[in-house]
Amino acid sequence: MGLVQKAGIDEIVRKATRSGLSTAVLPDYVVAAVNKSLAAAAAGDVSGVISSSSEVFSSGLTAATGLGNALTGKVLGALKTKPEAAPAPSVVEAAQHAVAEPAVAAPAPPPAAPMSAKPIPDQEPVDYMRAPQYFLHSQGCGYENAYEMISSELLLDGSARLNLATFCTTQMPALADRLMAETADKNMIDKDEYPQTAEMESRCVNIISNLWNSPAGENAMGCSTTGSSEAVMLAGLAMKWRWRQKMKAQGKDTSRPNLVTGANVQVCWDKFMRYFDVEERLVPLDGDNLCLTADKLKDYVDENTIGVATVLGSTFDGRYEPFAEIAAELDRIQEETGLDIPLHIDAASGGFVAPFIQPELIWDFRIPRVVSINASGHKYGLVYPGVGWVVWRTPEYLPEELIFNVNYLGGDMPTFSLNFSRPGSEVVAQYFMFTALGFEGYRKVQQQSADVAQYLAIEVEKIGPYELVTRGTDLPVFAFKLKDSVKNYTVFDVSDRLRERGWQVPAYTFPANREDLAVLRVVVRAGMSHDMADLLLADLKKYTAKLEAMHAPMPSILSSVDKLFAH
C-alpha cells in the first residue's frame with residue numbers, strides 16, 4: 001500500500017478514535033461493525049472494509065446504513081491518489097447525521113470494482129512543486145514552475161568557468177548560443193530534409209581535412225560525430241575491416257585482431273577494443289616515459305595488428321607523442337618483416353591546437369603512414385559538447401561495407417555512424433566558429449590559452465612544494481606533483497581545498513606501471529584569462545601554506561573510488 005493511501009486511511013482511523021465512538025452515539029452492534037471496518041481500513045484491506053460495511057447494511061438499521069455508506073466512501077476515496085474535489089465528512093459526522101435523519105430506504109451498494117492485479121507503486125505524498133524522482137506525478141507543475149525548479153537544482157553543479165578539469169568548451173559567443181537554439185530542432189541525419197545543414201557539415205569536413213594537410217583536397221572523406229569517442233570507434237572499425245580484407249585475401253585467420261597503443265590513451269580506446277572484440281595491446285609507461293614511444297613497438301605488433309593509435313595531447317598531462325619517430329619505426333618494421341601497419345592520430349584536443357600555434361610540428365597527413373585522424377570540435381574546436389570529427393586520408397581507407405544507404409527519410413543517403421538522429425546545432429555552431437574566427441582568430445585564441453597555461457606552470461613551480469610533470473608547451477595543459485619531501489598531505493588534499501573556493505582541479509594517479517605518480521592537472525581553455533589565473537594562484541598559495549603548516553599527516557579518508565579519475 002502506498003504512502004498516500006496509508007496516510008488517508010490513518011487519518012480516518014485517527015479521527016474516528018479521537019471522537020470516541022461508543023454506545024452513547026450508536027448501538028453496540030453498530031459500534032462492533034464500525035470497529036471491524038476500521039480495523040480492515042487500518043490494514044489496507046479494501047475488501048474487508050466493504051464486507052464489514054455490508055454486515056451493517058444487512059441489519060436494516062438506517063443509522064448503520066448511513067454510517068456504512070459514509071465509511072466505505074471515505075476509505076475508498078482515501079485509497080485514490082487523485083485528490084477529491086471536496087473533503088468528505090468525518091465518520092462521526094456521517095454517523096450522527098444518519099441517526100438524526102428519518103429512516104429512508106437506502107439502495108443496495110454497487111458491487112465493488114475488481115482490483116487490479118498490478119500493485120500501486122509506493123510514493124511519498126504527492127507535492128506537485130517537488131521534482132519527481134521515481135514516478136511521474138499525475139499532474140505536472142507547468143512550464144514556468146518546472147523551469148524554476150530545475151534551474152534551482154542546477155545551482156548545485158560546479159561553475160563551468162572554474163572547471164579546470166574538463167577539456168570541453170564552456171564558453172561561446174552569445175550569437176553562437178542563439179544560433180544553436182534556432183537549429184536544435186534540425187535532425188543532422190536527415191540530409192534530404194535539411195540539405196543546408198548537411199552542406200555545412202560537408203564544408204566543415206573539407207576545412208578540417210585541409211587543416212590537417214590531407215592529400216584528398218576537395219574530395220575529403222570524413223564526417224561529424226557526437227565526439228571523439230564515436231570518431232575513434234569509426235576509425236578503429238575502418239582499420240579492422242581493412243585488416244580483415246587483407247587477411248582474407250591471404251587466406252589467413254581473422255579471429256584475433258589487436259590494436260597497439262600507449263597505456264595513457266583516453267578510455268574511449270578501451271571501449272572500442274572491448275566492444276568490437278579487438279585485443280588490447282597497451283604499451284606500459286616506463287619511468288619518465290609517460291606516453292607511447294617508438295622503441296617498444298617491435299615487441300607489440302604482429303600480422304594481426306590492425307593499427308597503432310597515437311595521441312596528439314595526452315589526457316593525463318597534455319603532452320604530444322613522438323609521431324615522426326613512431327612512423328619511422330613502423331617503416332623500419334615493414335622493411336624487416338613486411339608488416340604494413342597503419343597509424344591513426346587521436347587528435348581529440350591537439351587537432352585544433354597544433355595547426356594554429358605549432359605549424360612546424362609534423363604530425364598529420366604529411367606523415368604517409370597516417371590513415372585517419374579524429375578530433376573533438378567541443379574541445380579546442382571551441383564548440384559546446386558534443387561534436388567530433390573523423391577524416392580519412394583518402395576514400396580508399398574507409399571500406400564501403402561500413403557505409404549504409406537509407407531512403408526512408410526522403411532521399412537515398414549514405415550514413416556512417418554509431419548514432420542516428422541527433423541535433424544539427426553543434427555542426428552549425430562549428431561552422432559558425434570557423435566562419436567568425438578564421439585561421440587568425442583561432443590562432444589568437446589558442447595562443448592566449450597557451451600563454452596562460454605556461455604562465456601558470458611557471459608560477460606554480462615557484463610556490464615551493466610542487467614539481468612540474470609538463471609545462472603547457474604542447475597542449476595548453478600542464479600537470480604537477482608534490483615533491484617527494486612532502487609527507488603531511490597529498491595532491492588529493494590540495495584538490496579538495498581548491499574546491500572549497502569553486503576551483504575544480506582534478507587529482508589522480510597515472511596508469512599501470514606508474515600508479516605511484518599522483519598529479520594535479522590544469523586545463524586552460526578559451527575564457528581563462530591572466531586575471532583568473534592570478535586568482536587561482538592566490539588560492540593555491542593560501543591553501544598550500546595552510547597544508548604546509550600542519551605538524552602531522554592529514555587523516556587518510558579517501559577511498560580508492562574517491563581517487564579514480566574518469567577522463
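So, strand S5, residues 343–346, pairs with S6 in the parallel sense, over four bridges. If you want a spot to look at, take Leu 343, whose bridge partner in S6 is Val 370. Keep in mind that this is a predicted model.

Now the other pairing of S6. Five bridges join S6 to S7, and here the two run antiparallel. Ser 376 is a handy marker, with Gly 388 as its bridge partner in S7. And how many of the residues of S6 are buried? Seven of the seven, so the strand is largely enclosed by the rest of the structure.

Okay, next, the loop between S6 and S7. S6 covers 370–376 and S7 covers 388–392, and Gly 386 lies in the loop between them. The peptide bond going from Pro 385 to Gly 386 is cis, with omega near 0°. Leu 382 has its place in that loop between S6 and S7 as well. Leu 382 isn't a glycine, but it has a positive phi of about 75°. As a reminder, most residues other than glycine have a negative phi, and most peptide bonds are trans. Is Leu 382 buried or exposed? Buried: its relative accessible area is 7%, and the cut-off for buried is under 20%.

Let's move along the chain to the other sheet I wanted to show. This one is open, with four strands in the order S10-S11-S13-S12 and antiparallel pairing. Which strands stand at the edges? Those are S10, at 466–468, and S12, at 507–509; each has a single partner strand, so one side of each is left without a neighbour in the sheet. From one strand to the next, the twist averages 40°.

Zooming in on one edge, S10 pairs with S11, residues 477–482, over three bridges in the antiparallel sense. Tyr 466 has Leu 482 in S11 as its bridge partner. Then there's helix H14, residues 491–499, which packs on the sheet and touches S10, S11, S12 and S13, the last being 518–523. The direction of H14 makes about 35° with that of S13.

One last stop, the loop between S12 and S13, where you'll find Asn 513. Asn 513 is another non-glycine residue with a positive phi, near 85°. What about its surroundings, buried or exposed? Asn 513 is exposed, with a relative accessible area of 53%. So for these two positive-phi residues, we have Leu 382 buried and Asn 513 exposed.

Conventions
Residues numbered from 1 in each chain as written. Predicted model: local features only at pLDDT ≥ 70, side-chain atom pairs only at ≥ 80, totals over all residues. Heavy atoms only, no water. Pairing = 2+ DSSP bridges. Axes fitted to C-alpha atoms, helices over the stretch in contact; angles between N-to-C directions. Contact = heavy atoms within 4.5 Å. Buried < 20%, exposed > 50% of the residue type's maximum accessible area, 1.4 Å probe, protein only.
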